[in-house]
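Let's go through this model together, asking at each step what earns a label its name.

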Amino acid sequence: MRDACNSAGNINACCDYTSCETEVYAVNIQMEVGVAELNSTTLSVYPNPSNDNITIVSAELSGSAKFELADMIGRVVYKEQRTMNSGQPVTLALNGKLAQGTYSLRMITDNGISSRAVMIK
């Protein structure tokens with residue numbers, strides 16, 4: 001049986017090495033977002049998939065909202081600023097403005113950002 005301190009390629013912080021030093025570090029990686037993300041249940045988008053226009057409803061948000069549609073590599077291909085009233089639908093007229101595909105719809109307000117995948121047929 002090989003000694004754990006002497007086996008090839010095995011470095012053990014608990015072993016006594018005479019010609020080198022071994023150190024052990026703990027690394028804590030935290031993923032944080034720079035903008036608050038709104039609760040995912042606050043935004044409804046229909047019809048999805050859509051052939052033309054999409055309608056957005058948010059039961060909890062009122063005020064100015066910026067809507068952006070980004071393609072799958074992150075390029076913003078459509079944007080529009082609208083005023084939202086709690087529970088009232090907002091329709092984005094997309095008929096003929098976007099190629100067929102999947103997009104990320106982002107709604108940006110003073111309270112944060114909410115996003116949904118949207119498919120255009």
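Q: What does pLDDT stand for in a predicted model like this one, and where in the protein chain is confidence lowest and highest?
A: pLDDT is the predictor's confidence in each residue, from 0 to 100. In the protein chain, confidence is lowest in β7, with a mean of 90, and highest in strand β4 (residues 76-84), with 94.

Q: How do you know how far to trust the chain as a whole?
A: The mean pLDDT of the protein chain is 80, and 71% of its residues reach 70 or more. A caution goes with that: where pLDDT is low, the predicted coordinates should not be read in detail.

Q: What makes up the secondary structure of the protein chain?
A: There are zero helices and seven strands. Read from the N terminus, the elements run β-β-β-β-β-β-β.

Q: How do you know that β2 and β5 are paired?
A: Pairing takes at least two bridges. Strand β2 (residues 54-57) is joined to β5 by three bridges, so the two strands count as a pair, and they run antiparallel. One of the bridge partners to look for is L92 in β5, which goes with I54.

Q: Which strands share a sheet with these two, and what makes some of them edge strands?
A: Three strands form an open sheet in the order β1-β2-β5, with antiparallel pairing. β1 (44-46) and β5 (90-92) each have a single partner strand, so one side of each is left without a neighbour in the sheet, and that puts them at the edges. From one strand to the next, the twist averages 25 degrees.

Q: What is the strand order in the sheet of four strands, and why are β4 and β7 at its edges?
A: The order is β4-β3-β6-β7, in an open sheet with antiparallel pairing. β4 and β7 have a single partner strand each, so one side of each lacks a neighbour in the sheet. The twist here averages 20 degrees from one strand to the next.

Q: How do you know that the neighbours in this order are really paired?
A: Set each count against the minimum of two bridges. β3 and β4 have eight bridges between them, in the antiparallel sense, with K66 standing opposite Q81 in β4. β3 and β6 also run antiparallel and are joined by five; there, A70 stands opposite S104 in β6. Strand β6 (residues 101-109) and strand β7 (residues 112-120) pair antiparallel over nine, and G101 stands opposite I120 in β7. Each of these counts meets the minimum, so each is a pairing.

Q: What joins β6 to β7 along the chain?
A: A hairpin does, through two residues.

Q: Why is T55 called buried?
A: The cut-off for buried is under 20% relative accessible area. T55 comes out at 12%, so it counts as buried. This residue lies in strand β2. Leaving aside residues up to four places away in sequence, T55 touches S44, V45, Y46, P89, V90 and T91.

Q: What makes the T55 and T91 side chains a polar contact?
A: The distance limit is 3.5 Å between N or O atoms, and one must be able to donate a hydrogen and the other to accept it. The contact between the side chains of T55 and T91 is at 3.2 Å, which is within that limit.

Q: Why is S62 called exposed?
A: Exposed means over 50% relative accessible area. S62 has 52%, so the label applies. You will find S62 in the loop between β2 and β3 (63-70). Apart from residues up to four places away in sequence, S62 touches M84, N85 and S86. S62 and G87 are 25 residues apart in sequence and 8.5 Å apart in space, C-alpha to C-alpha.

Q: Which residues does K121 touch, beyond those up to four places away in sequence?
A: K121, in the segment after β7, touches P49, S50, N51 and Q100. From K121 to Q100 the C-alpha distance is 5.1 Å, and they are 21 residues apart in sequence.

Q: How many of the 121 residues count as buried, as a percentage, and what supplies the exposed area?
A: The buried share is 27%. The protein chain exposes about 8,500 Å², and carbon and sulfur atoms supply 49% of that area.

Conventions: Residues numbered from 1 in each chain as written. Heavy atoms only, no water. Axes fitted to C-alpha atoms, helices over the stretch in contact; angles between N-to-C directions. Buried < 20%, exposed > 50% of the residue type's maximum accessible area, 1.4 Å probe, protein only. Areas by Shrake-Rupley, 256 points an atom, 1.4 Å probe, with all protein chains shown as cover. Contact = heavy atoms within 4.5 Å.
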